[in-house]
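Q: Please take a close look at one part of this model. Walk me through the residues there and what surrounds them.

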Amino acid sequence: MSGAVFVGFVWLFVGIVGTLWVFIDASENSSQSAVLWGLVAFLGGILGILLYVLLGRDGGSERSRTRTEPARGTAKISHRCQSCGEKYYAPDSEISSCRNCGGIKVERLG
Ligand SMILES: [Zn+2]
C-alpha cells in the first residue's frame, strides 16, 4: 500500500467515523445544528472535526447543568426591577429593594 493510498484511506475513514461522531455529539453538546456540523466534518475531514471541537461544542445540554438561573420554561419571572431590569425568580417572597441596584421599585409580575 503506497503512502498516498494509505493517507486517503485514513482520511476517508476518519471522515466517515468523524462525521457520524460529530453529528451524534452535536445533537447533544451543541446549541447549533447537528446536520450543519456533520456537513462541516464531512467536507473538512480532520479540520472540520477540529473546528467542531473548538467552536461547535458550546454546551447544549451541558449548559443547563452550569446555569444558575432556572431553565427557561420551568420558572417564571416573578419580579422585575423597574430601575435596572434585574429579574427575580421568587414567586413566594416579597422583594422590597433590588439586590442589584438597591432601588425600591421592584415590580411584581403575575
Ligand atoms: Zn435594580
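A: Gly38 is buried in this predicted model. Its relative accessibility is 6%, and buried means under 20%, so Gly38 falls within that class. The residue sits in helix α2, which spans residues 34-44. Which residues does Gly38 contact, leaving aside its neighbours within four places in sequence? They are Thr19 and Val22. Thr19 lies 19 residues from Gly38 along the chain, yet the C-alpha atoms of the two are separated by 5.1 Å.

Now the metal site. Four cysteines coordinate the zinc ion through their SG atoms: Cys81, Cys84, Cys98 and Cys101. The coordination distances run from 2.2 to 2.3 Å. Angles among the four donor atoms are 107 to 113°. The site is tetrahedral. For four tetrahedral donors, the ideal angle at a metal is 109.5 degrees. Along the chain, the donors of the zinc ion follow the spacing C-x2-C-x13-C-x2-C.

One pair of these donors links distant parts of the chain: Cys84 and Cys101, 17 residues apart. Cys84 belongs to the loop between β1 (79-81) and β2 (87-88). Cys101 belongs to the loop between β2 and β3 (106-108).

Are these two cysteines buried or exposed? Cys84 has a relative accessible area of 36%, so it counts as partly exposed. Cys101 is at 40% relative accessibility and is therefore also partly exposed.

Terms used: Residues are numbered from 1 along each chain as its sequence is written. This is a predicted model: local features need pLDDT of at least 70, side-chain atom pairs count only at pLDDT 80 or more; totals for chains, interfaces and linings use all residues. Side-chain values use heavy atoms; hydrogens and water are left out. Helices (H or I, at least four residues) and strands (E, at least two) are DSSP runs, numbered from the N terminus. Buried means under 20% relative accessible area, exposed over 50%, partly exposed in between (1.4 Å probe, protein chains only). Contact means heavy atoms within 4.5 Å. Donors are N, O and S atoms within 2.8 Å of the metal (3.2 Å for Na, K and Ca); water is not among the atoms, so sites may look incomplete. Four donors count as tetrahedral if all angles lie between 85 and 135 degrees; four count as square planar and six as octahedral if opposite donors are over 155 degrees apart and all others between 65 and 115; anything else is irregular.
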